[in-house]
Each structure stands twice: as structure tokens, then as C-alpha cells.
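Please examine the sequence and the three-dimensional model shown below. The paragraphs that follow lead through the fold first and then through its charged side chains.

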Amino acid sequence: RISQGKHTGELTHREARYLRKEQKHIRMSERRAKVDGNVSARERRRLDRMQNRANHHIRRAKNNELTLN
């Protein structure tokens, strides 16, 4: 969704960079949670919340409701 938004002009370079960084943080958190071979329910809830928040940020940025300073 980020690449699509950048391609269509819905996201600026700065917005896309911020959103990609947020996604990278989520991926790193997920890798850490999987280190022991299992993601606990608590870790899954945390990751889900992080991804939901990121989805909200993407939606707001694509609709120009999010301003990044």
C-alpha cells in the first residue's frame, strides 16, 4: 500500500519513508518475538496493535489527514 501510494502521488517521499520505517520496526519486533520459535498471545496482541496503528497511519497519510513534520 505504501509503494502504491507513492506511485500514485497520494504519499510524499517523506510520508512513504516514515511509513516504511514503521513497517520495518514491526517486522523487527515480530522477528524478536519468534526467536524462541513461538509467538505468545501477548506478543501477537502487541504486534497486531502495532500493525493496526500502522494501517491507520497509512490510511491517514494517503488521504492527507496526517502531516509529518
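Is Lys62 buried or exposed? With a relative accessible area of 15%, Lys62 is buried, because buried means under 20% relative accessible area. The model in which this value was computed is a predicted one. Before the surroundings of Lys62 are described, the chain as a whole deserves attention.

The secondary structure of the chain consists of 3 helices and 0 strands. Followed along the sequence, these elements give the pattern α-α-α. Helix α1 covers residues 2–8 and helix α2 covers residues 13–33, while helix α3 covers residues 41–62. Along the principal axes, the C-alpha atoms fill a box of roughly 40 × 20 × 15 Å. The chain has 69 residues, of which 28% count as buried. Its accessible surface amounts to about 5,200 Å², and carbon and sulfur atoms account for 46% of that surface. Contacts in the chain can also be sorted by separation in sequence: among those with a separation of 6 or more, 59% join residues 24 or more positions apart.

The charged residues may now be considered. The chain carries 20 positive and 8 negative charges, and the mean positions of these two groups are 4 Å apart. Side chains of opposite charge can pair when their charged atoms come close. A search of the whole structure finds 4 such pairs, that is, 4 salt bridges.

One of these salt bridges brings the account back to Lys62. The side chains of Glu10 and Lys62 meet with a distance of 3.7 Å from N to O. Glu10 belongs to the loop between α1 and α2, whereas Lys62 belongs to helix α3, so the pair ties together parts that are 52 residues apart in sequence. The two partners may be compared with regard to burial. Glu10 is partly exposed, at a relative accessible area of 32%, whereas Lys62 is buried at 15%. When residues up to four places away in sequence are left aside, Lys62 touches Arg1, Gln4, Gly5, Glu10 and Leu11.

A further salt bridge joins Lys34 and Glu30, whose closest N and O atoms are 3.7 Å apart. Lys34 is partly exposed, with a relative accessible area of 46%. Glu30 also counts as partly exposed, at 24% relative accessibility. Another pair is formed by Asp48 and Arg44, again with 3.7 Å between the closest N and O atoms. Both of these residues lie in helix α3, where they are 4 residues apart, about one turn of the helix. Asp48 is partly exposed, with a relative accessible area of 37%, and Arg44 counts as partly exposed at 32%. Through salt bridges that share partners, Glu30, Lys34, Arg44 and Asp48 are joined into one network.

A charged residue outside these pairs offers an instructive contrast. Which side chain of opposite charge is nearest to Glu22? It is Arg53, at a distance of 6.2 Å, and Glu22 has no salt bridge although it is buried. A salt bridge requires a nitrogen and a carboxyl oxygen within 4 Å. Glu22 lies in helix α2, and its relative accessible area is 16%. Apart from residues up to four places away in sequence, Glu22 touches Arg53, Ala54 and His57. Of these contacts, the one with His57 spans 35 residues in sequence, and the two C-alpha atoms are 9.5 Å apart in space.

Arg53 leads on to the surface of the model, where charges of one sign gather. A positive surface patch is formed by Arg32, Arg42, Arg45, Arg46, Arg49 and Arg53. Which helix gives the most residues to this patch? Helix α3 does, with 5 residues. Arg49, one of the members of the patch, lies in this helix and counts as partly exposed at 48% relative accessibility.

In review, helix α3 appears in several parts of this description. Helix α3 holds Lys62, the partner of Glu10, and it contains both Asp48 and Arg44. Helix α3 is also the element that gives the most to the positive patch.

How values were computed. Residues numbered from 1 in each chain as written. Predicted model: local features only at pLDDT ≥ 70, side-chain atom pairs only at ≥ 80, totals over all residues. Heavy atoms only, no water. Patch = residues over 30% accessible without salt bridge, like charges linked within 9 Å, V, L, I, M, F, W, Y side chains within 5 Å. Areas by Shrake-Rupley, 256 points an atom, 1.4 Å probe, with all protein chains shown as cover. Lys, Arg positive; Asp, Glu negative; His and termini not counted. Charge placed at Lys NZ, Arg CZ, Asp CG, Glu CD. Helix = DSSP H or I, 4+ residues; strand = E, 2+ residues; numbered from the N terminus. Buried < 20%, exposed > 50% of the residue type's maximum accessible area, 1.4 Å probe, protein only. Contact = heavy atoms within 4.5 Å.
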